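Please walk me through part of this structure, one helix packing at a time, for someone who has not seen it before.

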Amino acid sequence: MDGNAAEHAALIRRGVPDGAEDRVAELYWEAFGRKLGSALGPPERGRAFLARHLHHDRGIVALSPGGPDGDRVAGVAGYRLGDRGLTGGGSRDVLRAYGPLRGLPRIALLALLERTPAPGELVMDGIAVDPAERGSGIGGRLLTEIAAVAAEAGCTRIRLDVIDVNPRARALYERHGFTAVRTERTPYLEHLMGFGAVTTMHRLLPAGPAAPSPRTPEEQP
């Protein structure tokens with residue numbers, strides 16, 4: 001399937017469908033396992049933890065239809081509004097899953113990755129696309145829907161962080177109106193999490209009454 005055909009085939013849906021938790025966790029780990037591995041690894045346990053603690057209403061998925069088991073999640077974008085994001089699980093959940101001895105240092109590492117939205121701000125939790133679907137336009141469509149969610153929530157800004165070893169993601173964000181506002185060097189995380197700098201990017205949204213984005217019936221939740 002060429003890129004244009006794949007773009008039209010995928011349906012964008014708000015909310016993680018019931019039963020798709022493992023698939024979303026798989027995509028997230030494929031995209032962010034290098035960063036999350038020290039905190040939630042090994043991979044099997046990390047994926048299980050993510051799947052168990054997803055907040056379904058804080059995700060947007062791209063569904064590729066026609067598989068043997070029905071629609072398949074081909075991409076996912078998570079976001080944080082208020083005190084909830086797509087990836088959940090608090091300190092007690094980490095301790096329960098990994099035990100006190102191994103859990104405490106993991107809690108400290110996860111705290112380094114925590115991002116709390118400012119008033120009027122949506123923070124992106126991450127975007128992950130199936131490697132086989134990259135280049136099909138799914139990532140851009142997920143970002144467009146993220147912007148619609150932010151506008152409907154009355155936000156005037158979207159914020160995200162991108163690590164220095166992911167230039168492909170940064171290029172995608174720049175194509176969709178994000179600009180870098182600061183870069184923080186993190187040499188203390190290079191050995192632990194595989195990256196040495198984090199760039200914060202913003203996309204400003206027009207102020208004014210929130211308006212729902214136009215969507216076709218098949219794209220409705």
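In this predicted model, helices α2 and α3 pack with their axes 8 Å apart and at an angle of about 125°. Angles over 145 degrees would count as roughly antiparallel and those from 65 to 115 as roughly perpendicular, with oblique kept for the rest once angles under 35 degrees are set aside as roughly parallel, and α2 and α3 are therefore oblique to each other. The crossing in which α2 passes α3 is right-handed.

On the α2 side, the residues that take part in this contact are Glu21, Asp22, Ala25, Glu26, Tyr28, Trp29, Leu36 and Leu40, and they meet Pro43, Arg45, Gly46, Arg47, Phe49, Leu50 and Ala51 of α3. In the loop between the two helices, α2 and α3, lies Pro42, and the peptide bond that joins Gly41 to Pro42 is cis, with an omega of about 5°.

Both α2 (21–40) and α3 (43–52) also pack against the buried residues of α4, as does α7 (187–193). The buried residues in α4 are Val94, Tyr98, Gly99, Gly103, Arg106 and Leu109.

Helix α4 itself, which covers residues 91–113, is not straight: although this helix has 23 residues, its end C-alpha atoms are only 14 Å apart, whereas a straight helix would reach 33 Å at 1.5 Å a residue. At Gly99, α4 bends by about 130°, and a proline, Pro100, follows within four residues. Gly99 is thus a residue to look at twice, being both the place of this bend and one of the buried residues of α4.

Conventions
Residues numbered from 1 in each chain as written. Predicted model: local features only at pLDDT ≥ 70, side-chain atom pairs only at ≥ 80, totals over all residues. Heavy atoms only, no water. Expected span 1.5 Å × (residues − 1). Bend = angle between axes of the 7 residues up to and from the residue. Buried < 20%, exposed > 50% of the residue type's maximum accessible area, 1.4 Å probe, protein only. Contact = heavy atoms within 4.5 Å. Axes fitted to C-alpha atoms, helices over the stretch in contact; angles between N-to-C directions. Left-handed = near helix turned anticlockwise from the far one by under 90°.
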